[in-house]
Protein chains: 2
Amino acid sequence: MESTAPLPAKGRPREFCVDEALSKALGVFWAKGYEGASMADLTDAMGITKPSLYAAFGNKEALFHKALDLYEAEKLAYTREALKQPTARGVAEHFMRGAIEAQTSTCDPKGCLGVISAAACGAEAESIKADVIARRASSQEALIERFRQAKRDGDLPDHVEPESLTLYLYAILQGMAVQSGSGASRAELERVVETSLMMWPTA
Amino acid sequence: MESTAPLPAKGRPREFCVDEALSKALGVFWAKGYEGASMADLTDAMGITKPSLYAAFGNKEALFHKALDLYEAEKLAYTREALKQPTARGVAEHFMRGAIEAQTSTCDPKGCLGVISAAACGAEAESIKADVIARRASSQEALIERFRQAKRDGDLPDHVEPESLTLYLYAILQGMAVQSGSGASRAELERVVETSLMMWPTA
DNA sequence: TCGATTCCATAACAATCAGTATATATGCGT
DNA sequence: ACGCATATATACTGATTGTTATGGAATCGA
């Protein structure tokens, strides 16, 4: 294996920052969806030409997967933080309040890239959908495990199943994403969160 | 105003049934989204040629709005039934179980056309999105009014706000649509519903 | 049977799609 | 200074997008 350290750099050096360009691409995919984002949109926002894009990222699909990596790493960091909260209720609250922040930030597109990409369902986007669904499943698995721990902690009532509670919480989060992507205000999303927390099961 | 009764029918009669063709078009939009559905897809499924489509429906956008009308009238009929349930809890349960039926029927595409169309966010689809959002708002208004009545009936706790409860229930419904559109099984959706009902506020 | 009228079918339209071929520019080691 | 390797810029590819013009076919009232 080769280190990622600065290699000798044989040929002509590229004139743009790959990470920065990827971040711009993420913004376009987030705002317009996978199919809605054209290569012209992408190269425009990234400030590079098409051959440069293909050389650096492969093709549109590969670019999207890398943008999804970045999205998970940066914009979904709060989900990993949420799992560390001491109570199941705290976990849920951190998830939902983090979702509000991520989905209504004024410097980012509205809504959730995962939900947008899973809902956009052209035929060519099947591999995109599969990737998003797989990532969601793995993220749900972590939450299920966290709720199992909560039950062992006596933090959740006996009659609550971690799998069901996870599906339920994810439904709320996805619903919030749909609403924020449809122009819902932060105040409206907060009402959803307050209502959810009001009903959260107590041990 | 002219009656819709069979006019003398001046020229050559059309060789296809408009309602049937519209129903086929709805299926395509439902399965592939507004932007994902091409005119070729549509004419293929409808069994007509492009000029016939344009003559009968105007253009792609007008066709979509009419398909949305049909969707509301046929596939969302359960929501009007739900509002008639005697208790707020019954209303919510009817909404959610109706959503399961509508979103996992084996003879229809999975998921909810409204959610799919609101999430698909190309630039050209702005008018589509606006239509879907407006219809959702009007449907939410009816549910808010129903929950207000429930409060007057002493059917909901005092501290529950009809607006918040509506946003919350819609979030769950939209989340279920996202999940069913992403391959969730009926059993998984039923877990969401059971969990939601378990937490439903009692007066 | 004759317009008049409306429909269907084929083919074309300009625009856009994702992706690439070609040519030129820039850096390295030698 | 030379070749090698890589990046950039322009222009192009074939396919597909939504939409429409054209020509023939079908049904009407007269």
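## Exercises: a domain interface and a DNA surface

The area buried between domain 1 of chain A and domain 2 of chain A is about 1,300 Å², of which carbon and sulfur atoms give 65%; buried area is the accessible area (1.4 Å probe) that two parts lose on being put together, summed over both. This is a predicted model, in which local features need pLDDT of at least 70 and side-chain atom pairs count only at pLDDT 80 or more, while totals for chains, interfaces and linings use all residues. Residues are numbered from 1 along each chain as its sequence is written, chains are lettered from A and ligands numbered from 1 in the order in which they are written, and side-chain values use heavy atoms, with hydrogens and water left out.

**Exercise 1.** Describe the contact between the two domains of chain A.

*Solution.*
1. Establish the bounds: domain 1 covers 18-70 and domain 2 covers 76-199, as given by an automatic or database domain assignment.
2. Locate the centres: the C-alpha centres of the two domains lie 26 Å apart.
3. Count the residues: domain 1 of chain A brings 13 residues to the contact and domain 2 of chain A brings 19, where contact means heavy atoms within 4.5 Å.
4. Identify the main contributors: A:Trp30, A:Glu35 and A:Leu68 lose the most area on the domain 1 side, together 52% of what that side buries.
5. Examine the charges: one salt bridge is counted between the domains (a side-chain nitrogen of Lys or Arg within 4 Å of a carboxyl oxygen of Asp or Glu).

**Exercise 2.** Characterise the protein surface near DNA strand D.

*Solution.*
1. Find the neighbours: 22 residues surround DNA strand D, the closest being A:Ser52, B:Met39, B:Lys50, B:Tyr54 and B:Lys60; a residue is near a strand if one of its heavy atoms lies within 4 Å of it.
2. Divide the strand atoms: sugar and phosphate account for 65% of the atoms of DNA strand D that come within 4 Å of the protein.
3. Inspect the phosphate: a polar side-chain atom of A:Arg14 is 3.5 Å from a phosphate oxygen, and a polar backbone atom of B:Ala37 is 3.3 Å from a phosphate oxygen.
4. Inspect the base: B:Lys50 places a polar side-chain atom 2.6 Å from a base oxygen of DNA strand D.
5. Assign the elements: helix H3 (50-57) of chain A and helix H3 (50-57) of chain B each give two or more residues to this surface; H3(B) gives the most, with three residues. Helices are DSSP runs (H or I, at least four residues), numbered from the N terminus.

Conventions: A polar contact is a pair of N or O atoms within 3.5 Å; within protein, one must be able to donate a hydrogen and the other to accept it, and residues adjacent in sequence count only if both atoms are side-chain atoms. Ala, Val, Leu, Ile, Met, Phe, Trp, Tyr, Cys and Pro count as nonpolar, Asp, Glu, Lys and Arg as charged, and the others, Gly among them, as polar.
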